[in-house]
Every structure is written in C-alpha cells, then in structure tokens.
Amino acid sequence: MDVLFLIIGGLGVLVLALSLLIGDLLHFDIDHPDAGGVFSLPAIAGFVGAFGFGAAIVSALGVPGGTAVAAAGGVVAAVPTAWLATRLARMAMNMRTDGTPTQRDMIGTTGVVVTPITVNGFGEVRISLGGQPVKLSARADHPIPLGTRILVVEATSSTSVIVEETPL
C-alpha cells in the first residue's frame, strides 16, 4: 500500500509543478464562486500530493489500523497543505507590480550617448527606464559625440527619442 500512496503523492506534486509552470490546465474554477479557492488546481494538487505522502509516512510507521488510519493521516497532512497552496496561489495572482513604462515616461530622463548622433541623422542613447537600462535611437538639433550626457525632450515612438545635451 505504501507504493500506491507514494504514486498518489508523486502525481499530486507533478500536477502542482505543471500548474505552476504551464498554468491552470483543467480550469476547475471557471465560473465558480470560489474561483481560486478550494477547487483551484494548485489546491487540489497540493491536497493530493500531501495526502499521498502523508498516508505513505503513516503506513510506513506501522501504525495499527492499516489503510484506514494511513488514509486519515494523509487527510490530516493534506488539509493544511491545500490551504497553504490556495493562499500562495492567491497571493501570486494578486501580487502588485509596477506599471509598464510608456513613451511619456521617457520624457525628462537623462542618459548617455552610446553611438554618436550625426547631423540630420540618428545615433543611440542609453537611458534608465523603470530601473532598467534601455537603448534607444536618438536625434538632436546638432551632432552629439559619444559619451555625452543627454536629456530626453520628446519621445517620437517607443524606440526613438529627441534629445539635448545636458551640462555635467
């Protein structure tokens, strides 16, 4: 019986891993008032995995009562595990994130020229947008040499800006 419980536990862990890597495969919670709750795939997979491993542990300990006691031990391990899986999945789904940077966010940022800007041509600048370095095509009213500090005065597209030199 230990092997059967271990297989059940392994299947639960496998389904939980797949649900985290691929997403809700079977969508048990569609149009259900408890969506993301006790009938979510992470909750069910956590329950099944903990049930199998908990029952296998109780069975391996040789507790009198056989399969029924082992199954009861599995349920005792599975209920808090399913609750924890539900809480963790809900926290992950409702996690706050920063907004996606837009063209408007580029205006007013400073950076440096990484490819010289030529007369009536483009060069490249590197700015920091949302804490990440971003390399953009850049134009200016006059040539700007490599390494010059710049200020973005206009964002003509999501990958192109108009810049001015800034004093150090």
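Hi everyone, let me start with a small detail: there is one aromatic pair in this protein, and keep in mind that we are looking at a predicted model. The partners are F5 and F51, whose ring centres sit 6.1 Å apart with the planes at 85 degrees, so this pair is edge-to-face. Angles over 60 degrees fall in that class.

Where do F5 and F51 lie? F5 belongs to helix α1, residues 2–22, and F51 to helix α2, residues 41–60, so the pair ties together parts that are 46 residues apart in sequence. Both rings are on residues that count as buried: F5 has a relative accessible area of 4%, and F51 has 18%. The cut-off for buried is under 20%.

Now let's step back to the whole chain. The protein has four helices and five strands, and if you read along the sequence the pattern is α-α-α-α-β-β-β-β-β. There are 168 residues, and 31% of them count as buried. The accessible surface comes to about 10400 Å², with 65% of that belonging to carbon and sulfur atoms. As for contacts between residues at least 6 apart in sequence, 48% join residues at least 24 apart.

On to the strands, and the largest nonpolar core. This core has 15 residues, and the members that touch the most other members are I117, V125, I150, V161 and V163. Strands β2 (123–129), β3 (132–139), β4 (149–155) and β5 (160–165) each supply at least two residues of this core. Another core, of eight residues, lies apart from it, and our aromatic pair turns up there: its members include F5, F51, A55 and A70.

Let me pick out V161 for a moment. Leaving aside residues up to four places away in sequence, V161 touches a list that includes M106, V125, L136, V152 and A155. Polar and charged neighbours are there too, among them S137, R139, E154 and T156.

Back to the helices for my last stop. The UniProt annotation "transmembrane region", from an unreviewed entry, covers residues 6–26, 38–61 and 67–86. For residues 67–86, the end C-alpha atoms are 28 Å apart, and the span is 100% helix and 0% strand.

T86 is found in helix α3, residues 66–93. Is T86 buried or exposed? With a relative accessibility of 8%, T86 counts as buried. And what does its side chain reach? The side chain of T86 reaches the backbone oxygen of A82, at 2.8 Å.

That's my tour, thanks for listening!

Definitions and conventions
Residues numbered from 1 in each chain as written. Predicted model: local features only at pLDDT ≥ 70, side-chain atom pairs only at ≥ 80, totals over all residues. Heavy atoms only, no water. Phe/Tyr/Trp six-rings, centres within 6.5 Å; stacked < 30°, edge-to-face > 60°. Buried < 20%, exposed > 50% of the residue type's maximum accessible area, 1.4 Å probe, protein only. Contact = heavy atoms within 4.5 Å. Areas by Shrake-Rupley, 256 points an atom, 1.4 Å probe, with all protein chains shown as cover. Polar contact = N/O pair within 3.5 Å; in protein donor to acceptor, adjacent residues only side chain to side chain. UniProt positions renumbered as here; feature names shortened; annotations may be inferred. Core = buried A, V, L, I, M, F, W, Y, C linked by side-chain atoms within 4.5 Å.
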